[in-house]
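Here are a few short exercises to work through with the model open beside you. Try each task before you read its solution.

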Amino acid sequence: KMAAAGAAAAAAGLWSEVNRCGQNGDFTRALKSVNKILQISKDDVTALQCKVVCLIQNGNFKEALSIINTHTKVLSSDIIAFEKAYCEYRLNRIESALKTIQSASQQTDKLKELYGQVLYRLERYDDCLAAYRDLIRNSQDEYEEERKTNLSAVVAAQSTWENVVPEDLGLREATYELCYNSACALIGQGKLNEAMKKLQKAEELCRQSLSEDSDVTEEDIEAELAIIHGQMAYIMQLQGRTEDALQLYNQIIKLKPTDVGLLAVIANNIITINKDQNVFDSKKKVKLTNAEGVEHKLSKKQLQAIEFNKALLAMYTNQADQCRKLSASLQSQSPEHLLPVLIQAAQLCREKQHAKAVALLQDFADQHPANAAEIKLTMAQLKIAQGSVTKACMILRSIEELQHKPGMVSALVTMYSHEEDIDSAIEVFTQAIQWYQQFQARTNYGCCVFQPKSPVHLSLIREAANFKLKHGRKKEAISDLEELWKQNPKDVHTLAQLISAYSLVDPEKAKILSKHLPSSDTMSLKVDVDALENSHGATYVRKKAGKLPGDNQQKEQGQGEVKKKKKKKKGKLPKNYDPKVTPDPERWLPMRERSYYRGRKKGKKKEQVGKGTQGSTTAGSSELDASRTASSPPTSPRPGSAAAVSATSNVIPPRHQKPAGAAATKKKQQQKKKKGSKGGW
């Protein structure tokens, strides 16, 4: 009895210690006291509950969950359901946490709060929205602002990941968290400018609220603003301002924020900016996406996008095996997704295995008919790259849901024209026109009145007619032109085309149709010539007359218009000009081209140097030749060498006589040459 009384007294003292430590927030000391109590009574339910709470407060979730699971007989689910679900939630066992919450017999407010968080992590946004609305409606305490923030986060997630137009919740954006979530919702709707304004407001509110606390430093404020700045950079990237976005992304990374999810998203966005350039920087940034715990911080679509970019980076860095491994893993996770197959096909094309790439895409199109259109477009592109334009056309025509689209018709006609397959091009036009006729027949079923054709239908008929006329198929174009004229009898252009086509096929019909042309009087166009000349595209613009003052204008009207004559300046004459001497008619030619030019007089030695082609002789070379003396016999000339003999003789050929004024100017020209002049006057 005395021992029992002593144990009870010791237990009472320990409970007092646990209570005091709990109030002070010293859960480590409280845990020690609880352990001593459990040594006295190992199955004490209250002590076990306190131990679990102390472990949770200290962050030991795994140990706390272990104690709960080992004492299931004592700690029933009704007693400790919240603590168990919370430990599972913090250990990222989200499905287990959901089961624990749903199996609880009584749904307390704490469990409802946790239930909303669990649904958000499971991306069940509709159920999560309903849970938070119920919480806000049925609870009144100091946590109302936090619940509204969570509610706005759910709406933002719906807008971003599910393309749901968010409803106006009527929340007053008094905190920077609410402003940030509102901006995220606007980004999901594509309203980037409005989202940027919301983020700027969120930044301002964040600075105001944190600057009120004297213990918060500027570094703390910048760390808190990192997520807002990251979203700003994302908007810049979407707007095409990649340089500004890249600069802001790098500033955030330099701050080294503790949020691994934020770092992973920023690193991924930088990789998308780099693309196939700056791959070394991308390889450094990709390490941030592999940090521990990233998978629990991001949504499934974010994680999927990161994995796609990893596969693309492996392809750009020529890591073929790694690229195939990552894309195969992505395909196993999402068999219906297009990107993994497209990445594999791109890798095969880089390896010059185009046939395998086309076969891979064809297999995917057969297995997933819903995505066949996009896959076949890629297949057609590969065929065009290989030069197989006809096969590409066949693939494009197999896409039934796009056959009648104007863009597809235009592409096919262009490709067939390039291959000079006019019949196939006309067939494409015919099939598209028939589709619109059948569509109109289905929509107007049972209606007997005349129904005008749609603008797209008429546009196709007109393009078909123009194409046929261009390629000389006038007979085939006539039916199209008649259909167009029937739709709009006042269309003179179509009527003119129809008459032109009939003139080569049926001249009589052309004459009959020509009667429908309007007369020349009715076709007179009222054109404002002044407006036309002053228009922006006019090649000639009439100069507007300047306004004269009133007095001068009256004076000029009385005297008449007097045109001012410009005085012609007299040309300057040369200093040695003599009016009595006739000017040299060759004065406009360069000195070397004049008939009387003899060349510059240089030294005797220079005159003796031969000029001309190699081997030729000059007149003075015979005087220096010792073999050509009086005693030496003359050599017999070769046949046909008379010209050479005359060239070496002393007979000077007649020169052109110089003009009368040439002698007077020769002296001064030589003086100018001495001064360094290069040409004559």
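The exercises below concern a predicted model, and each one is followed by a worked solution.

**Exercise 1. Overall make-up and confidence**

Task: Describe the secondary structure, the burial and the confidence of the protein.

Solution: Start with the elements: the protein has 33 helices and zero strands. Next, turn to burial, where buried residues make up 32% of the 681 residues. For contacts with a separation of 6 or more, 49% are between residues 24 or more positions apart. Then check confidence: the mean pLDDT is 78, and 78% of the residues reach 70 or more. Two stretches deserve care. Residues 617-658 have a pLDDT below 50, with eight contacts beyond near neighbours in sequence. Residues 671-681 also have a pLDDT below 50, with 10 such contacts. Where pLDDT is low, the predicted coordinates should not be read in detail.

**Exercise 2. A helix pair**

Task: Work out how the axes of H17 and H19 are arranged, and list the residues that make the contact.

Solution: Two packed helices are described by the angle and the distance between their axes. Locate H17 at residues 300-316 and H19 at residues 338-350; their axes come within 11 Å and cross at roughly 0°. Angles under 35 degrees count as roughly parallel, and H17 and H19 are therefore roughly parallel to each other. On the H17 side, the contact is made by Phe308, Ala311, Leu312, Met315 and Tyr316. H19 brings Leu339, Pro340, Ile343, Ala346, Gln347 and Arg350. Sorted by character, the residues of this contact are nine nonpolar, one polar and one charged.

**Exercise 3. An annotated span**

Task: Find what the UniProt record says about residues 226-259, and describe that span in the model.

Solution: The UniProt annotation, from an unreviewed entry, reads "repeat: TPR" for residues 226-259. In the model, this span is 76% helix and 0% strand, and its end C-alpha atoms lie 10 Å apart.

**Exercise 4. Two residues in their settings**

Task: Place serine 282 and aspartate 506 in their elements, and decide whether each is buried, partly exposed or exposed.

Solution: Take serine 282 first, which lies in helix H15 (residues 279-285). Its relative accessibility is 0%, so serine 282 counts as buried. Leaving aside neighbours within four places in sequence, serine 282 is in contact with Ile271, Asn274, Gln277 and Leu313.

Now move to aspartate 506, found in the loop between helix H27 (492-505) and helix H28 (507-514). At 32% relative accessibility, aspartate 506 counts as partly exposed. Finally, the C-alpha atoms of aspartate 506 and lysine 475 are separated by 9.8 Å, with these positions 31 residues apart along the chain.

How values were computed
Residues numbered from 1 in each chain as written. Predicted model: local features only at pLDDT ≥ 70, side-chain atom pairs only at ≥ 80, totals over all residues. Heavy atoms only, no water. Axes fitted to C-alpha atoms, helices over the stretch in contact; angles between N-to-C directions. Helix = DSSP H or I, 4+ residues; strand = E, 2+ residues; numbered from the N terminus. Parallel < 35°, antiparallel > 145°, perpendicular 65-115°, else oblique. Contact = heavy atoms within 4.5 Å. Nonpolar A, V, L, I, M, F, W, Y, C, P; charged D, E, K, R; others polar. UniProt positions renumbered as here; feature names shortened; annotations may be inferred. pLDDT = per-residue confidence, 0-100. Buried < 20%, exposed > 50% of the residue type's maximum accessible area, 1.4 Å probe, protein only.
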